[in-house]
Amino acid sequence: MHNKRNEEPLVEVRNLCKYFRQGRSVLKAVDDVSFTIYRGETLGLVGESGCGKTTCGRTILKLYSATSGQVLYKGQDITNSMSARELLAFKRSAQIIFQDPYSSLDPRMTIGEIIAEGMDVHFRYTPAEKQQKVRELLAKVGLTEDYANRFAHELSGGQRQRIGIARALAVEPEFIVCDEPISALDVSIQAQIVNLLIQLQAERGLTYLFISHDLSMVKHISDRVGVMYLGSLVEVAPSKAIFAHPLHPYTQALLSAIPVADPDFEATRVRVKLEGEVPSPINPPSGCKFRTRCPHAIKVCAEQQPPLVEAEPEHFVACHCWQHLYGDGRK
Amino acid sequence: MQEEISKELFQIIGPEDNEAEKIARPRVSYLRDAWRRFRQNKVATLALIILGILAFMVIFGPAISGYSFEEMDTTNRNAPPSREHWFGTDKLGRDLFARVWQGGRVSMIIGLVGAFVSSFVGCIYGGISGYFGGRVDDIMMRIVEVLISVPYLIVVILLSVVLKSKSLGTLLLAMTITGWCGIARIVRGQVLQVKSQEYVLAAQALGVKPWKIILRHVIPNVLSVVIVAITFDIPGYIFGEAFLSFLGLGIQPPNTSWGALAATAQSMYAFYPYQLFIPALMIALTMLCFTLLGDGLRDALDPRQRK
Amino acid sequence: MDKILEVKNLRVSFNTYVGEIRAVRGVSFELRRGETLAFVGESGCGKTVTAKSILRLLPPVSAEIKAGSEILYKGENVLQMGQKRLQRYRGNEVSMIFQDPMTSLNPTMTCGQQIVEALMLHKKLSKQEAKAEAIKTLELVKIPDPEKRFSAYPHELSGGMRQRVMIAIALSCQPSILIADEPTTALDVTIQAQIIDLLKELKEKLGTAIILVTHDLGVVATLADRIQVMYAGQIVETGTAREIFYEPQHPYTWALLSSVPGLAERSKQELYSLKGTPPDLIMPLECCPFAARCEYCMKVCRQQMPQVTNVTATHNVACWLQHPHAPKVKPFYERGLSHAQQA
């Protein structure tokens, strides 16, 4: 997939910030994040809860208005005010799939109505055409047309998630933000959904921003992966590179924290241990936000926030120490 | 045992063709499910039946008795319940059976119309406040808090003085003028909750217009809570009317209501206890039934109870 | 090694308006002193219900433990315990930690009080002794600054710390069995790793037997000595961790193992995914519950319940493929992708 990738950027995020006011303090959910998503690829975005990955995804879709920075979608800045027509075109082209299959479907609407909701906004279908479309979409996600007049509560988690996908597909988007689409599902159902997403991407040339805390699934589906910590992007690299030789100490810790389904491997493996917990995003540490938990922190880490630099081709890292830690050894 | 199984049964046939999944359970629609849960609640069902009977009597009761509620029979004052006058007569010799149901009309109308009007206003107010949020919400809710802190007795007295009327309309106006505040608060809370649901976000992402989101997602999901709130509000209005009539601020003779009936009867209740007992029982029964009905509806309509 | 818990033919049903949901259908297993037994399966497979019935924590009206079920704790039938005995049994001898540390702690009591309460109830300690003991327990679960945290309220602590407090409460009376119901599911990866390490350490230090209920095979691989794979209220395969991970016999176990992406795998290859959904537990089952989704389903699988076969002394499988007449098949991941997956 990687080599087939079109080098044309679809989404460019530049110095994006999204702050929330919480009483008198300010929560910096997304703090100066920049990255690019190319057409046809999947960018994985990982991090622990509260790292700002969901906020980032929603700000890109203009569901939240950005505090500062730019989001260029096909070269057009969507954080500026847009005309009603431009906005509608953007909403048709960029869609979202949610994490919680229970709260993301309206309990008072039938499945058919849920899927058709977007069509009513963007297309002028006759009722018959609409029905036909709904049937096609249900078949696409592996359900029969009987489901169209059922209610969401009659479905299992995996089926609901597929309805969420069908709803997004109904408006024929090019770009989909998958916001933890599998976290709430069972293992075997997770595989169903991931396979469906991969298959749809191959068929329709979709571009995904795949947000998850599950690194192994992200690796599985993504061409490139970005790692977020406390609102900042700490590392972006092709997924092979990031798993083979992560450069940021946080990425290393994250990778080594995943339990692997292999008892022998688990018995012998040495974990990079992270002490303590994620600090509050309301009052993040100065300089590098990770320094309070970083085993390699030095003086400069407390003083300056490290910039995201290209350590290797296409492999970006925001760390003061990466060269000391790995630079000599490999080059 | 193992030997009995023939060899040909051990042929791999693979999984069932369930490419497209089937649904095993029967379809249960929302309302049917709610109705089923409601009927399981015996007390609430009984309350509904009693309310049905009361409603029937309030509509047809005056006609059944064969007397008009205004018709005086001076030869037959303060008669005890008898075959002619089932509930007896009052001090002017009016048939109490007819008067009780006539009074019930007024009480029920006030209860239903009052609750309906205040919910209507409350829904719109609370809906706007909740949906737009932010500063709009702040200002609108402060207004509600001010209104809620004004004792409604003062409002009623002031209004009847200013409007120089003690009609049904004035009474309703006086009671609803601050009565919607409670519902407005409930609706606002609900709207805030629904608004944060991901299906509203999904609709926003699809580019659905705000008013359509309110119409299609917010209102239907808030409705059940509103219905329950209305049911709980009705006894409040019935009692409010009875209370005001008892004080002489309500319905004026010859028209009557349960509260007014009780008020006239209480001066002589030592001699004619039935004259007080019957309207008081009606007030108590109606209020209790609406409260129990509301309880049952709340449990039945709560989506969290679904399984 | 001696058995401390033995469950025989446990059957649990929930009575709902649509009918009787048979959530656990004849589960038998035993737990030995100091070992960690994992219940693995998807949601709705009956693993949590089984764990809760060991403590008799199921809702009293709707849930029914069927006649003929036996839960023997050191030879004593738990299902026949009186209220007083049950109180002593819960907490003192068997205790449980839950998935969500947010809701399972009382928000109006300090963490210390909650441990002290358990200690005073079960161990009949004085307040002073209980406090000293509680601080020791907080130290045991590696809460930094235990004296200070003793008087902290749950909302002042982070998720990981709360789960540690939960574990401290559960372990305060030195139970011989700890039931951990999805102990790490609600936590972030790095915090999850800390809790797993903690459980591993405690298990070695205290010798407590652990019943680990989880769907996360990675956690199981790290902690479990023995594994019990459940599907549709039944145990389909039991064995030691090595046997289940390296020589699984049941097609459902194969599917489960191959639907998690390994870290060493190539990306964007299709994961093995099971078609369909687990059977509705309302339906009676006369045949193998997995038959409808099994790639190796044989005619006999749709007609009769498979018998439990011993593969080794510790490894049991309920599958017709073990029958002498059955064709010898290999799991799909050993012979490359199956025909269904290649399409």
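Reader: Okay, at roughly what angle do the axes of helix H9 of chain A and helix H7 of chain C cross?

Author: They cross at roughly 50 degrees, and the two axes come within 8 Å. H9 covers residues 249-257 of chain A, while H7 covers residues 189-206 of chain C. Keep in mind that this is a predicted model.

Reader: Why give both an angle and a distance?

Author: Because two packed helices are described by the angle between their axes together with the distance between the axes.

Reader: So what do you call H9(A) and H7(C) relative to each other?

Author: Oblique. Angles of 65 to 115 degrees would count as roughly perpendicular and angles under 35 degrees as roughly parallel, and the roughly 50 degrees here falls in neither group, so the pair is oblique.

Reader: Is that crossing left-handed or right-handed?

Author: The crossing of H9(A) and H7(C) is left-handed.

Reader: Which residues make the contact?

Author: From H9(A) you have Ala253(A), Leu254(A) and Ala257(A). H7(C) brings Val189(C), Thr190(C), Gln192(C) and Ala193(C).

Reader: And how do those residues divide by class?

Author: Five of the residues in the contact of H9(A) with H7(C) are nonpolar and two are polar, with no charged ones.

Reader: Zooming out, how many residues of chain C are in contact with chain A?

Author: 38 residues of chain C, and they meet 35 residues of chain A.

Reader: Which helix gives the most to the chain C side?

Author: H7(C), with six residues. Helix H8 (217-223), helix H9 (241-246) and helix H10 (251-258) of chain C also supply at least two residues each. By class, the side of chain C that touches chain A has 18 nonpolar, 13 polar and seven charged residues.

Reader: What about the contact between A and B, how many residues are in that?

Author: Chain A puts in 31 residues and chain B puts in 24. On the chain A side, helix H2 (84-93), strand S6 (94-97), helix H3 (111-122) and helix H5 (157-169) each supply at least two residues. The largest share there is the four residues from H3(A).

Reader: How many charged residues are on that side of chain A?

Author: 10 charged, along with 12 nonpolar and nine polar residues.

Reader: Switching to chain B on its own: how many helices and strands?

Author: 10 helices and zero strands. Reading from the N terminus, the order of elements is α-α-α-α-α-α-α-α-α-α.

Reader: And what's its radius of gyration?

Author: Chain B has 27 Å, whereas a compact globule of 307 residues would be near 19 Å. Its C-alpha atoms fill a box of roughly 100 × 65 × 25 Å along the principal axes.

Reader: How much of chain B counts as buried?

Author: 38% of its 307 residues. As for contacts between residues at least 6 apart in the sequence of chain B, 67% join residues at least 24 apart.

Reader: Now chain C, what's in there in terms of helices and strands?

Author: Chain C has 11 helices and 13 strands. Its radius of gyration is 21 Å, close to the 20 Å from the globule rule for 343 residues, so chain C is as compact as a globular protein of that length.

Reader: What does its C-alpha trace span, and how much is buried?

Author: The trace of chain C spans about 65 × 50 × 45 Å along its principal axes. Of its 343 residues, 50% count as buried.

Conventions. Residues are numbered from 1 along each chain as its sequence is written. Chains are lettered from A and ligands numbered from 1 in the order in which they are written. This is a predicted model: local features need pLDDT of at least 70, side-chain atom pairs count only at pLDDT 80 or more; totals for chains, interfaces and linings use all residues. Two residues are in contact if their C-beta atoms, placed from the backbone, lie within 7 Å. Ala, Val, Leu, Ile, Met, Phe, Trp, Tyr, Cys and Pro count as nonpolar, Asp, Glu, Lys and Arg as charged, and the others, Gly among them, as polar. Axes are lines fitted to C-alpha atoms, for helices over the stretch in contact, and angles run from 0 to 180 degrees between N-to-C directions. Angles under 35 degrees count as roughly parallel, over 145 as roughly antiparallel, 65 to 115 as roughly perpendicular and the rest as oblique. A crossing is left-handed if the near helix is turned anticlockwise from the far one by less than a right angle, and right-handed if clockwise. The radius of gyration is taken over C-alpha atoms; the globule rule is 2.2 Å times the number of residues to the power 0.38. A residue is buried if 20 or more other C-beta atoms lie within 10 Å of its own, exposed if 12 or fewer, and partly exposed in between; C-beta atoms are placed from the backbone.
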